[in-house]
Amino acid sequence: MKTHTIKMAVLLLASTALIAGCGKKKVDVLPPAAEGTDYGQTPTDPNAGTGQIVPGSQEDFLQQVGQFGDRILFDTDRFNVDVEDQAVLQRQAQWLAQYPNTRAIVEGHADERGTRDYNLALGERRANSAKNYLVSIGVDASRIQTVSYGKERPTALGSDEQAWAQNRRAVTVTVR
Amino acid sequence: MSLFALHRKLASFLLLFLGAQAAIAQTPPPPAPASDEPELVEFDTSKTRSIAVPALVAPAPADTPAGNSVALGRQIAEVISSDLRASGVFETQGPNGLRAISLSEVTSPQFDYWKARPVEQLVQGFVRVGGDGNLTVGCYLYDVGFGNETTRLGFNVPPREWRRAAHKCADAIYSRLTGELPFFDSRIAYIAETGPKNKRIKRLAIMDSDGANHRFITNGQSTALTPRFSPNYKSILYLSYVDGNPRIYVYDIDAGRQRLITQSSNPTFAPRWSPDGQTILYSMAVSGNTDVYKISATGSGSPVKLTSSPGIDVGGSFSPDGRQIVFESDRSGSQQIYVMNADGSNQRRISFGSGRYATPEWSPRADLIAFTRIAGDFRVGTMRPDGSGERLLTNSWQDEAPSWAPNGRVIQFFRTAKGSGKTSIWQVDLTGSNERRLPTPVDGSDPAWGPVLP
Amino acid sequence: MAMDRAEKLGLGAALGGHVVLLGAFALGMMASTEATPKQESISVSLVGEIAEVSTAPDAIQEESAPPAPGETAPAEPPPAPAPVMQIEKPVEKPQARPVPKPETAPPVAKVAVKKEPVKQPPAKAAPRPVKTAAVTPKTTKAATATGKGTTPAKPGGLSRSFEDSINNIGKAPGAGKAVGTPAAKTATEVRRSVGVSIAGQIRSRVRACAPSGVDINKIETFVTLSLEPSGKLTSVRFDKQIGLNDSNQPQAGPLKDCILQAVRAASPYDGLDPEYHDVWKTHALRLRATG
């Protein structure tokens, strides 16, 4: 079951850490240096109002698309974009059209109730589904990258259907 | 006696003899017919075998960089004892609680003393420090019941590798008494986990098969997943998010450097070595569709695409002879197990039980394929390469990703706790017995077992 | 009464004829001995294997002499050649476990061989006494009242039962131990109770050394025991194993060795009636793990 009206007790919003995704870095020595850290999650409250939100920023994006507007959800093992998802993605596409210098990364995720490699593949499917729809409604494909996190980055922490439903998601993160 | 009486006596004897000869000649030994098959004698095999491992004798105590040889003698016995006990086949005594043995006893055990304890098998040995500073470790296995020696071996190692000498002794003892190939002298690669469920720190780590000599390889700044030792232990294949995307690297352990296995910008995951270490099997997603590929381990040459179904084809494991590959695919609508030739031909499904089947791994013994079965809970099991004889070995909320000990007798997997999501590494005997947790410094997942060290 | 010439000649001819016949039958018996199909050789691990080979790979140096006893520090380590911890070959599958003492002492072997035509087949032990018994009453009737009298020299390989039968010539029927049909029933009962007795004495020993493994309970091991009247085991022969597959193959050798050792260790066997030794002098066993 997927729904955008599920209230979360704590809203953990993704803020973007700059991912050095412009080009692949050849890593010579391990442990790796500070750059190239992978995606991290830090909680921010876009409604705090303490600072000015810069237009075209990720905070701006989140504010514009609304709560949960940055993500679409999926049924178990599914990766199709249904009508509800389309509405969400259309709002995202509108914002992206407003700020043509921004790019987006669509993250694909799966819930913990799957095996690791398959979930990486499934997350990739979900990310691509969302990307394909965005492209189909006019967003330039070169502006959108996909990355799968499989089951590595749950957003809801429980081991129940509610939590799993929230974790089966494709999340759009904008990058300047 | 009259002659006639004598004659009659002789005649009767002859007749008897004739009759007997006829009896023998007329009953040639035929094979025993089924009805004459001996009655069945049944016995049970659940009993563990008792084995005593007193401290190894250090006849000329000397200091080494790894400690005094007397202490090493005790530590080696402890490792031997732990290995044998961990296998689930033996119940061990000592070295704690056992009296010290003299050097002469090493080759001339006091069988009556050990028989009275009682104990069935006895391991005795010695540790010597050579002029070159290396250790010479000798270990002897005795059958107490029969009062004789079963086997003896000697090893010469640098002091810092004393544990390997202990593992080699334990391996020889285990092999001799069970018929199995050895597996104690080997290393395990896995992912060490810390942190909250939604912000896990995952580091590549390696350790001995008993958890000793633990070492972190990555520092956790980037998520590391699904490692595999190369068959020669020189490299580790693994998945890293170090550049923000899932990519497979070959990490050279000695050099401390790594390289990508393919320059493709597509996400790659689920890396595996071929048994000869010459080929790398991996999965790559192109435009959202994941297929199984192989590429030369040296990095030269182009990848070969092995599957092409519109479904997710992922993972994979070579048969020990390198001629077949078992992998998982959801082309039928749900995750199931398939086998194909190493060139991608003749892909056929082998799992037809109830539930979904994932993470297939071919046993180094070639006789079985281990898998994760998903039917509500996640359970680790085995089936024959034709899909028959399915046996489930574990029964927990989420056990997954089995890999094999190098002798194909023990299966290692990781267990996720419901709710907390905390992971731990476990092992279970092929018979389903002796399920035990492998101690790790922090949580652990994705365990992979390397071969027996040369 | 004196013999006349004709009687002398007749007697001489008769005696000569008997000698020829006896000789012919003796030869014939030996011929039939060789015609008996050869039995499987006893599969025994040689003691020599311990000294020669360790199960460790080749490059591992084996201790060839015991360490110097006492407190005198040895001048050099016992293994003479340079020991290095490099293994060139993977570890071999373990050898069969060694036997504590040599299996075939010559007199034992001879007895075993000679008894072959007699014991063949074990299942036929019942009919044989019947046949012997069938002969006995006839000759008993034909014989004179002279009892044991002149028992002739035994040709090679004549079993004790024949000796007994010969000695029983002149005794009432049923005095011998194998007389008519009642002997067959007795033999079966005897075999069964002997089987229970032997199994009980072997089972706990097998349990102590039997390996565990996948499909271990599919392996059936067949062995044949040769026993003296005292219950002492003279030899045990491994016949075959069935039910082997890829998964339980590693346990086949250790299981076989375990069973052979257990059979030897349980000797001498209690509760075996010497009177029926003929029935149980060889005893076939079929063993299988439960579970």
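Which residue's side chain meets that of B:Arg164 in a salt bridge? In this predicted model, the partner is B:Glu161, with N and O 3.9 Å apart. The two ends of this pair are placed differently with respect to the surface: B:Arg164 has a relative accessible area of 18% and is therefore buried, whereas B:Glu161, at 28% relative accessibility, counts as partly exposed.

## Salt bridges within chain B

Over all chains, the count of salt bridges comes to 42, and several of those in chain B can be followed residue by residue. The side chains of B:Arg365 and B:Glu180 meet in a salt bridge with an N to O distance of 2.5 Å. This pair links distant parts of the chain, since B:Arg365 lies in the loop between strand 24 (356–362) and strand 25 (369–375), while B:Glu180 lies in the loop between helix 5 (162–178) and strand 9, and the two residues are 185 residues apart. Both B:Arg365 and B:Glu180 are buried.

A further pair is formed by B:Arg247 and B:Asp243, whose closest N and O atoms are 3.5 Å apart. Buried means under 20% relative accessible area, so B:Arg247, at 3% relative accessibility, counts as buried, and B:Asp243, at 4%, counts as buried as well. Elsewhere, salt bridges that share partners join A:Arg116, A:Glu152, B:Glu193, B:Arg200, B:Lys202, B:Lys422, B:Asp443 and B:Asp446 into one network.

## An open sheet in chain B

Four strands of chain B form an open sheet, in which the order is 11-10-9-32 and the pairing is antiparallel. At the edges stand strand 11 (215–216) and strand 32 (443–449), each of which pairs on one side only.

Inside this order, strand 9 (residues 187–194) and strand 10 (residues 201–208) run antiparallel and are joined by eight bridges. One point of reference for following this pairing is B:Thr194, which stands opposite B:Ile201 in strand 10. In a regular strand, the side chains alternate between the two faces of the sheet.

## The surroundings of B:Ser317

B:Ser317 belongs to strand 20 (residues 313–318) of chain B, and with a relative accessibility of 6% this serine counts as buried. Leaving aside residues up to four places away in sequence, B:Ser317 touches B:Leu281, B:Gln324, B:Ile325, B:Val326, B:Pro360, B:Glu361 and B:Trp362. With B:Trp362 there is also a polar approach, in which the backbone nitrogen of B:Trp362 lies 2.9 Å from a polar atom of the side chain of B:Ser317.

## Where chain A meets chain B

The interface between chain A and chain B brings 44 residues of chain A into contact with 62 residues of chain B. About 4400 Å² of area is buried between the two chains, and carbon and sulfur atoms give 51% of that area.

Seven salt bridges are found across this interface, one of them between A:Arg113 and B:Asp377, where the closest N and O atoms are 3.3 Å apart. Between the two chains, 20 residue pairs are in polar contact, counting pairs with both residues at pLDDT 80 or more. On the side of chain A that touches chain B, the elements giving two or more residues are helix 3 (116–136) and strand 3 (144–150) of chain A. Of the elements on that side, helix 3 of chain A gives the most, with nine residues.

## Chain C and its link to chain B

Chain C has eight helices and three strands, which follow one another along the sequence in the pattern α-α-α-α-α-α-β-β-α-α-β. Of the 291 residues in chain C, 41% are buried, and the chain exposes about 15000 Å², with carbon and sulfur atoms supplying 60% of this area. Among contacts in chain C between residues at least 6 apart in sequence, 74% join residues at least 24 apart.

Strand 3 (residues 282–289) of chain C is largely enclosed by the rest of the structure, because six of its eight residues are buried. Within chain C, strand 3 runs antiparallel to strand 1 (residues 220–227), to which seven bridges join it, and C:Leu225 stands opposite C:His283 in strand 3. Strand 3 of chain C also pairs with strand 1 (residues 40–43) of chain B, in the parallel sense and over four bridges; here B:Val41 stands opposite C:Leu287.

Terms used: Residues are numbered from 1 along each chain as its sequence is written. Chains are lettered from A and ligands numbered from 1 in the order in which they are written. This is a predicted model: local features need pLDDT of at least 70, side-chain atom pairs count only at pLDDT 80 or more; totals for chains, interfaces and linings use all residues. Side-chain values use heavy atoms; hydrogens and water are left out. Two strands pair if DSSP finds at least two bridges between them. Buried means under 20% relative accessible area, exposed over 50%, partly exposed in between (1.4 Å probe, protein chains only). Contact means heavy atoms within 4.5 Å. Accessible areas come from the Shrake-Rupley method with a 1.4 Å probe; for residues, only the protein chains shown count as cover. Buried area is the accessible area (1.4 Å probe) that two parts lose on being put together, summed over both. A salt bridge is a side-chain nitrogen of Lys or Arg within 4 Å of a carboxyl oxygen of Asp or Glu. A polar contact is a pair of N or O atoms within 3.5 Å; within protein, one must be able to donate a hydrogen and the other to accept it, and residues adjacent in sequence count only if both atoms are side-chain atoms.
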